[in-house]
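Good morning, colleagues. Please take a moment with the sequence and the structure, after which I shall go through strand pairing, aromatic contacts and surface.

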Amino acid sequence: MNWLTFAIFAFAAYVLETSLRSLFAIGDSGVSPNLLLILMTFVGLMAPATTVLWASIVCGLLVDLQGGATLEPVLGPAALGFLLAGYAVLQLRGLVFRESAATLVVMTFVAGVFAQLAIVMIYGLRNAAITPAEPIPGWDAATQLYHRFFVLLYSAAAAAPVGWVLFRFAGAFGLHHHKARNDRLF
Amino acid sequence: MTAFLTQRRAFALVVAVLLISSIARNSVSFAIASVPAALVQGLAAPFAWPLGAIATALRGDGERGVDSGVEASVAGQRLAEAAVYITQLEQRLYAAEQQLAQLMQTQQVSSGARYVVARVSGSSGDPTQPTITIDKGASRGIGLDSTVVSGVSLVGRVIDASPASARVSLISAKDTRLFVWIKPPDVLGGPREVLEQVTRSTAGAMFEARIEQGKTVRIGDIAYLADELWPPEAQGFIVGRVTRVEPAPDNPLQFQRVLIDPIPELSQLRRATVLVPVE
């Protein structure tokens, strides 16, 4: 994969998410599409296994840097959640027709389920007394899951138009002719 | 030769760091994220600002308030965390103010006294009534009961003053009883203080105090003089440092025995300062 192209698209997704969140959010709910999740799923469908895992971590880190439940960003919850999602995409992509926007929509939702569950679990662990981290005031896993479910739905819906753009640039990513001959991780 | 940092090892290292950052204390997690966050936000700012302005203009909102349930929850979490941080800062500020007040009291009282620095020319060696002799006396205004200190540590009182020398009774005398404030040595110890009377100890330390179990005293705490029987200029000087805290041998459930030792070795002093009250 062309990491420069990926970096540009990841950076663009980060900028668009943070700056246009208020424009694309549904009402005042704060629900907006997760463009980095869509990008991660796209890479997950097309790239070699190792590349997918690294790209998942990068996308997750960019999500972490946007801030979460704590006052300041914490690196890890989204990075690890996206890593799990990337691994899930790797396991499932052999069952689907990869170069399809419909596939991207479905896989975005599926991968997002893994990612969001992992993120909520990690923040829940952080909030629990069993880790060194200080409790997060007002943290409620149920509220978080509720909110993130709708983010997932919106992201899956947004994956159609975003996927159409990404597939046009598959050549720039260096993914157009990838044949998954060997899906070993390392 | 295979490289040490293979891709597999690098991956494992990154995952390990992320795991640690995910569950570490806020100070550690925030520190790990601070540099990349500043870097990415700095790179994104030139692009994010105009896009954000466009989004605001298109959406038509003015100042977007928090009026959704989820946003309120998130904002509430952040406010609560900020409130906890502010409370911790307030506690530290209170402790710092206490310590400053203590220092200022010492200085204010001492500013009503003149300092006469003297050399220790002799000592008695008597364990029950230990004394030292200094080379300044009545000709310098030193009189009976003048307080003698060494730095900020209390040494004793003048019991005999001739024109050119004076004899000082050390606080390590057998029948010494002093009221002291026992406080933490710095602001990190929190806002706590205990007023107790210390007596000469037979348990291997200079002084000991018998304190109720509910009162918090820790090793390293400082004992400051707070005894009305001493002159005003002596108040606040350090009697010693807590070296041991243990259950009282006779009543371990209700009382604790606190052992205190002077900070300078009184028997090895070479210089001392006499506080002469200014009329």
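In chain B, strand S1 runs antiparallel to strand S2, residues 131-134, and three bridges join the two. One position to locate is B:Ser123, which stands opposite B:Ile132 of S2(B). I should say at once that this is a predicted model. Strand S1, residues 113-123, also pairs with strand S12 of chain B, residues 271-277; the sense is again antiparallel, over seven bridges. Within S12(B), B:Val274 is the bridge partner of B:Val116.

I turn now to the aromatic rings. Over all chains, the count comes to ten aromatic pairs. One of them is formed by A:Trp3 and A:Phe6, an edge-to-face pair with 5.4 Å centre to centre and 85° between the planes. Both residues belong to helix H1 of chain A, residues 3-24, where they are three residues apart, or about one turn of the helix. Are these two residues buried or exposed, by relative accessible area? A:Trp3 has a relative accessible area of 37% and is therefore partly exposed, whereas A:Phe6, at 2%, is buried.

A further pair consists of A:Phe11 and B:Phe47, and it is classed as edge-to-face because the ring centres are 5.7 Å apart and the planes stand at 85°. Which elements hold these two residues? A:Phe11 lies in helix H1 of chain A and B:Phe47 in helix H2 of chain B, so this pair joins two chains. A:Phe11 is partly exposed, with a relative accessible area of 24%, and B:Phe47 is likewise partly exposed, at 46%.

Chain A also holds an aromatic cluster, made up of A:Phe9, A:Phe42, A:Phe167, A:Phe169 and A:Phe173.

Charged groups over rings come next. In chain B, the charged end of B:Arg157 sits over the ring of B:Trp230, 4.3 Å from the ring centre. B:Lys183 lies over the face of B:Trp181, and here the distance to the ring centre is 5.6 Å.

Finally, the surface. B:Phe4, B:Leu5, B:Leu13, B:Val17, B:Val28 and B:Ile32 make a nonpolar surface patch of about 570 Å². Which elements give two or more residues to this patch? They are helix H1 (7-23) and helix H2 (26-59) of chain B. B:Ile32 has its place in helix H2 of chain B. Its relative accessibility is 32%, so B:Ile32 counts as partly exposed; patch membership requires over 30%.

Key:
Residues are numbered from 1 along each chain as its sequence is written. Chains are lettered from A and ligands numbered from 1 in the order in which they are written. This is a predicted model: local features need pLDDT of at least 70, side-chain atom pairs count only at pLDDT 80 or more; totals for chains, interfaces and linings use all residues. Side-chain values use heavy atoms; hydrogens and water are left out. Patches are made of residues with over 30% relative accessible area and no salt bridge: like charges are joined within 9 Å, nonpolar side chains (Val, Leu, Ile, Met, Phe, Trp, Tyr) within 5 Å. Accessible areas come from the Shrake-Rupley method with a 1.4 Å probe; for residues, only the protein chains shown count as cover. A salt bridge is a side-chain nitrogen of Lys or Arg within 4 Å of a carboxyl oxygen of Asp or Glu. Helices (H or I, at least four residues) and strands (E, at least two) are DSSP runs, numbered from the N terminus. Buried means under 20% relative accessible area, exposed over 50%, partly exposed in between (1.4 Å probe, protein chains only). Two strands pair if DSSP finds at least two bridges between them. Rings of Phe, Tyr and Trp (its six-membered ring) pair if their centres lie within 6.5 Å; planes under 30 degrees apart count as stacked, over 60 as edge-to-face and the rest as tilted. A charge sits over a ring if NZ of Lys or CZ of Arg is within 6 Å of the ring centre and within 35 degrees of the ring normal.
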